[in-house]
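Me: I'm new to this one and would like a close look at a single part of it. Could you pick out the aromatic pairing and walk me through it, with enough background that I can find my way around?

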Amino acid sequence: MRVECKISAEYQDAYAVLHVSKMTPVIAQIISLLEKEGADPSTLIGIKEEKTYFIEPASLELLRTEDREIVCYDKLKNRYVLNKPLYELENILGDRFTRISKSTIVNIRRISHVEASFNGTMELVMKNGIEDHISRSFRKSFKERLGI
């Protein structure tokens, strides 16, 4: 592959143009890496339908592990695959988010309601309708976080 890089003070913002005959996994990784350059560290990078999106944390409802992938859902129930582990995302997202189980983090401001379940867990419903459970081991910290 031939690569050309022009450096000049006349460029206000960096941009890249790739000319390829087909999309390959390596090209997709290069694009993802270039898109991360200069991004706000709290902005997440998500993949949906082979396209890379910048995701603002405030627009997210829930992040969780599904079938060995870390995914997030936004207010419109769009599903994005993320490339960071949950513990790293938990550090990036900050105070607006809290963990409710080993596999799920939620946006506190987007919780619709919570109700007790018969087996010691609590069921949580987000404003976009997605449901999940608060496990017994995270229930106490969840309640403290919300001041309940």
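Reply: Here's a quick tour of the chain, then the aromatic pair, then a couple of loops close by in the sequence listing.

First, keep in mind that this is a predicted model. The chain has three helices and ten strands, and if you read along the sequence they come in the order α-β-β-β-β-β-α-β-β-β-β-β-α. It's not a neat ball, either: the radius of gyration is 19 Å, well over the 15 Å that the globule rule gives for 148 residues, so the chain is more spread out than a compact globule. If you boxed up the C-alpha atoms along the principal axes, you'd need roughly 60 × 30 × 25 Å. Of the 148 residues, 34% count as buried.

Now for the part you asked about. The count comes to one aromatic pair, and its partners are Tyr 53 and Tyr 80. Their rings sit edge-to-face, with 5.5 Å from centre to centre and 65° between the planes. That angle earns the label because planes over 60 degrees apart count as edge-to-face. What does the pair link? It joins distant parts of the chain: Tyr 53 belongs to strand S2 (residues 51-55) and Tyr 80 to strand S5 (residues 79-82), 27 residues apart.

The two tyrosines also have their own surroundings. Tyr 80 has a relative accessibility of 9%, so it counts as buried, the cut-off being under 20%. Tyr 53 has a relative accessible area of 28%, so it is partly exposed.

While you're there, have a look at two loops. Glu 49 is in the loop between strand S1 (44-48) and S2, the strand that holds Tyr 53. Glu 49 has a positive phi of about 50° even though it isn't a glycine, and with 66% relative accessibility it counts as exposed. Asp 67 tells a similar story: a positive phi of about 50°, again without being a glycine. You'll find Asp 67 in the loop between strand S3 (60-66) and strand S4 (69-74), and at 75% relative accessibility it counts as exposed too.

Last, a word on the outside and the charges. The chain exposes about 10400 Å², with carbon and sulfur atoms supplying 50% of it. There are 23 positive and 22 negative side chains, and the centres of those two sets lie 4 Å apart.

Note on methods. Residues numbered from 1 in each chain as written. Predicted model: local features only at pLDDT ≥ 70, side-chain atom pairs only at ≥ 80, totals over all residues. Heavy atoms only, no water. Helix = DSSP H or I, 4+ residues; strand = E, 2+ residues; numbered from the N terminus. Rg over C-alpha atoms; globule rule 2.2 N^0.38 Å. Buried < 20%, exposed > 50% of the residue type's maximum accessible area, 1.4 Å probe, protein only. Areas by Shrake-Rupley, 256 points an atom, 1.4 Å probe, with all protein chains shown as cover. Lys, Arg positive; Asp, Glu negative; His and termini not counted. Charge placed at Lys NZ, Arg CZ, Asp CG, Glu CD. Phe/Tyr/Trp six-rings, centres within 6.5 Å; stacked < 30°, edge-to-face > 60°.
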